[in-house]
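Please look over the sequence and the structure below before reading on. The paragraphs that follow lead through selected parts of the fold in turn.

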Amino acid sequence: MPKPTLVTNRIRALRFEAGEMSQGVLADRVGVTRQTVNAIEQGKYSPSLEVAFKIAKVFAVRLDEVFQYPDD
């Protein structure tokens, strides 16, 4: 079983703030599957840099407002 990523994210909160956008709608706008969005949200998968930037662009925020990595 793959080890969960250390990258955390605020995708669920951002989807809620964006009028309760569904995972499916976000997936369509980014060009991935709903299952991929779900895995990223749950910290089971780290997105590619390209997908990470696309997610940030959908919400019109900086990349570090979506994804965080521990300082240590």
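A starting point is L63, which sits in the loop between α4 and β2. The model is a predicted one. L63 is partly exposed, with a relative accessible area of 26%. Apart from residues up to four places away in sequence, L63 touches L49, A52, F53 and A56. L63 can also be placed relative to R10: the two are 53 residues apart in sequence, and their C-alpha atoms are 11 Å apart in space.

The same loop, between α4 and β2, holds A60. A60 comes after α4 and has a positive phi, near 55°. This positive value occurs in a residue other than glycine. Is A60 buried or exposed? With a relative accessibility of 68%, A60 counts as exposed.

The next element to look at is the helix α4 itself. The buried residues in α4 are V51, A52, I55, A56, V58 and F59. Around the axis they cover an arc of only 155°, which puts them on the same side of α4. An α-helix has 3.6 residues a turn, so residues three or four places apart point the same way. On the face of α4 turned away from the buried side are the exposed residues L49, E50 and K57. What covers the buried side? The cover over the buried residues of α4 includes α1, α2, α3 and β2 (67–68).

One of these elements, α2, can be read in a similar manner. Helix α2 spans residues 23–30, and its buried residues are Q23, L26, A27 and V30. Viewed down the axis of α2, these buried residues fall within an arc of 100°, so they line one face of the helix. The exposed residues D28 and R29 are carried on the face of α2 turned away from its buried side. Which helices do the buried residues of α2 pack against? They pack against α1 (11–17), α3 (34–41) and α4 (49–59). Just after α2 comes G31, which takes a positive phi of about 90°.

The packing of α2 on α4 can be described by its geometry and by its residues. The two helices pack at an angle of about 115°, and their axes are 9 Å apart. The crossing in which α2 passes α4 is right-handed. On the α2 side, the residues that take part are L26, R29 and V30, and they meet V51, K54, I55, V58 and F59 in α4. Sorted by class, this contact has six nonpolar residues, no polar ones and two charged ones. R29 therefore appears in two descriptions: it is an exposed residue on the face of α2 turned away from the buried side, and it is among the residues of α2 that meet α4.

Within α2, Q23 can be followed further. Q23 is buried, with a relative accessible area of 11%. Beyond its neighbours within four places in sequence, Q23 is in contact with R15, R34, V37, N38 and E41. With one of these, N38, there is a polar contact of 3.5 Å between the side chains.

Ahead of α2, the loop between α1 and α2 contains E20. E20 is not a glycine, yet it has a positive phi of about 60°. Its relative accessible area is 58%, and E20 is exposed.

In helix α3 the residue to find is A39. A39 is buried, and its relative accessible area is 19%. The cut-off for buried is under 20%. Not counting residues up to four places away in sequence, A39 touches K44 and Y45. From C-alpha to C-alpha, A39 and P4 are 9.8 Å apart in space, while in sequence they are 35 residues apart.

The last stop is P70, in the segment after β2. P70 counts as partly exposed, at 32% relative accessibility. How far apart are the C-alpha atoms of P70 and V7? They are separated by 7.4 Å, although P70 and V7 are 63 residues apart along the chain.

Terms used. Residues are numbered from 1 along each chain as its sequence is written. This is a predicted model: local features need pLDDT of at least 70, side-chain atom pairs count only at pLDDT 80 or more; totals for chains, interfaces and linings use all residues. Side-chain values use heavy atoms; hydrogens and water are left out. Buried means under 20% relative accessible area, exposed over 50%, partly exposed in between (1.4 Å probe, protein chains only). Helices (H or I, at least four residues) and strands (E, at least two) are DSSP runs, numbered from the N terminus. The arc is that of the directions from the helix axis to the C-beta atoms. Contact means heavy atoms within 4.5 Å. Axes are lines fitted to C-alpha atoms, for helices over the stretch in contact, and angles run from 0 to 180 degrees between N-to-C directions. A crossing is left-handed if the near helix is turned anticlockwise from the far one by less than a right angle, and right-handed if clockwise. Ala, Val, Leu, Ile, Met, Phe, Trp, Tyr, Cys and Pro count as nonpolar, Asp, Glu, Lys and Arg as charged, and the others, Gly among them, as polar. A polar contact is a pair of N or O atoms within 3.5 Å; within protein, one must be able to donate a hydrogen and the other to accept it, and residues adjacent in sequence count only if both atoms are side-chain atoms.
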